Amino acid sequence: MPVSSSTARPRKAPKYFSGSQRTQRLTGVRVVGTGAFVPHRVVTNDELEIEHGFEPGWIERRTGILERRHAAKDQATSDLCLPAARDALHAAGLKAADIDLLVVGTFTPDQSCPSTANLVQHRLGLDAPAFDVQAACSGFMYALVTAAQYVATGNAKHALVIGADLNSRIVNPKEMTVAPLFGDGAGAVVLSAGGPDQGLVRYQLGSDGSGGPLLEIPHGGTRCPLTQEGLVEGKQYLAMDGRTVFKWAVEAIEHSIGHVLETEGLQPSDIAAYFLHQANIRILDHASGCLGLDPDKVWNNLSRYGNTSAASIPLCLDEAVRQGRVEPGDALLLCGFGAGLTWGTGVLRW
């Protein structure tokens, strides 16, 4: 499904997005391999409409999603990470023994302790420190920037970065406004040392905890441990103020991308491809229109996978790389945004 576009419009002062003027630069790093994995089970809109009585056609009209992937009952998030990681290692021409850092971005871990990264490290046979980064749908961007710091400073030679989420386990399957949006998947990249002009030539990570209640899992942590009563009420599931989150997300994309480009002295036309978090086609359309983006440059696999949270950006990136749509020297725009509230936007020079 195409993303619409128009001539860029002057940005209005945001009402919902509390942005930042801070940006950073992190070069000397390059992506040497990408990988991806989605579960085999395809769940269509028709299936959800029949099973749960959702309004026919509502999902596609409101989200642009036609289908999504759901993990099998015996699969956990780490199981999705493994094939994505192996694909990335193969593409990079590296072995597990070459990796000396693993960072996993996820908010759907196998369990609270140990981290999903620990489990993946063991199963891949890595001799490397491994840890999770939890920034929900911004998780891949946070993990990417974190791992890139190690590589840029020489404290890691080859870093494996994975964005993975198994969202079908944390949404109420009967909740029409939330469950149809989400799917499961994993994407990975391998980072190695690069030239002085490669890497994140300009990026911004941001956080606004005042928006935490807009997108949260109410129970299950130390604030509100899960109880039998909470289970009955569905407090273990993701809750979202969809209308407000939509407004915030549109402003987050528009203002964070606009600020990063302006700070680096770039125009939207200077970017070879845009890899935005795949949340909702209306969010992508609206933000792309505000920025005046070329629709052919905005990568979109939302209709096939839905919102895969931390996996969405690396899934898109892997598709583009494997289709030969990314060339050395290209400037790529990556933008993630989600619960926290958090966001991460960067220009990655390939």
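Colleague: Which residue in strand 13 is the bridge partner of Ala273?
Modeller: Before we dive in, remember that this is a predicted model. Strand 12 pairs with strand 13 (residues 331-338) in the parallel sense, over 4 bridges. Look along strand 13 for the bridge partner of Ala273, and you land on Leu332.

Colleague: Okay, and which strands stand at the edges of the sheet with the order 1-9-14-13-12?
Modeller: That sheet is open, has 5 strands and shows mixed pairing. An edge strand here has a single partner strand, so one side of it is left without a neighbour in the sheet. The two in that position are strand 1 (24-27) and strand 12 (273-276).

Colleague: By how many degrees are neighbouring strands of this sheet turned against each other on average?
Modeller: Go back to the order 1-9-14-13-12 and think of each strand beside its neighbour. If you ignore direction, the average turn from one neighbour to another is 20 degrees.

Colleague: There's a helix lying across strand 12 and strand 13; which one is it?
Modeller: Find residues 312-322, which lie across both strands. They run at about 150 degrees to strand 12, and they make up helix 10.

Colleague: Let's move to the other sheet. Which strands stand at the edges of the order 2-8-7-5-6?
Modeller: Again you have an open sheet of 5 strands with mixed pairing. Each edge strand has a single partner strand, so one of its sides lacks a neighbour in the sheet. Those are strand 2 (29-37) and strand 6 (130-133).

Colleague: Which residue in strand 7 does Leu102 stand opposite?
Modeller: Strand 5 (residues 101-105) and strand 7 (residues 158-166) are paired in the parallel sense over 5 bridges. Opposite Leu102, in strand 7, you'll find Leu160.

Colleague: Which strands does helix 3 touch when it packs on the sheet?
Modeller: Helix 3 runs in a direction that makes about 130 degrees with that of strand 2. It packs on the sheet and touches strand 2, strand 5, strand 7 and strand 8 (184-193).

Colleague: And helix 4, which strands does that lie across?
Modeller: Use strand 6 as your guide: helix 4 runs at about 145 degrees to strand 6. The strands it lies across are strand 5, strand 6 and strand 7.

Colleague: How are helix 3 and helix 4 arranged: parallel, perpendicular or oblique to each other?
Modeller: Helix 3 (residues 77-92) and helix 4 (residues 116-124) have axes 10 Å apart and pack at an angle of about 50 degrees. The crossing is right-handed. Roughly parallel would need an angle under 35 degrees and roughly perpendicular one of 65 to 115. The two helices are therefore oblique.

Colleague: How many nonpolar, polar and charged residues are in that contact of helix 3 with helix 4?
Modeller: On the helix 3 side, Cys81, Leu82 and Arg86 are among the residues that take part, and they meet a helix 4 group including Leu119, Val120 and Arg123. Sorted by class, the contact has 6 nonpolar, 3 polar and 3 charged residues.

Colleague: Which residue follows Cys113 through a cis peptide bond?
Modeller: Look in the loop between strand 5 and helix 4. The bond there has an omega of about 5 degrees, and it joins Cys113 to Pro114.

Colleague: Where is Leu341, which has a cis peptide bond from Gly340?
Modeller: That bond has an omega near -5 degrees. Leu341 itself is found in the loop between strand 13 and strand 14 (342-349).

Colleague: How far apart are the end C-alpha atoms of helix 7?
Modeller: Helix 7 (residues 242-264) has 23 residues, and at 1.5 Å a residue they should span 33 Å. The model agrees, since the end C-alpha atoms are apart by 33 Å.

Colleague: Last one: is the crossing of helix 7 and helix 8 left-handed or right-handed?
Modeller: The axes of helix 7 and helix 8 (residues 281-291) come within 9 Å and cross at roughly 35 degrees. Phe246 and Ile253 are among the helix 7 residues that meet helix 8, where Ile283 and Leu291 are among the partners. By class, the contact has 9 nonpolar, 2 polar and 2 charged residues. As for its hand, the crossing is right-handed.

Notes. Residues are numbered from 1 along each chain as its sequence is written. This is a predicted model: local features need pLDDT of at least 70, side-chain atom pairs count only at pLDDT 80 or more; totals for chains, interfaces and linings use all residues. Side-chain values use heavy atoms; hydrogens and water are left out. Two strands pair if DSSP finds at least two bridges between them. Axes are lines fitted to C-alpha atoms, for helices over the stretch in contact, and angles run from 0 to 180 degrees between N-to-C directions. Contact means heavy atoms within 4.5 Å. Angles under 35 degrees count as roughly parallel, over 145 as roughly antiparallel, 65 to 115 as roughly perpendicular and the rest as oblique. A crossing is left-handed if the near helix is turned anticlockwise from the far one by less than a right angle, and right-handed if clockwise. Ala, Val, Leu, Ile, Met, Phe, Trp, Tyr, Cys and Pro count as nonpolar, Asp, Glu, Lys and Arg as charged, and the others, Gly among them, as polar. The expected span of a helix is 1.5 Å times one less than its number of residues.
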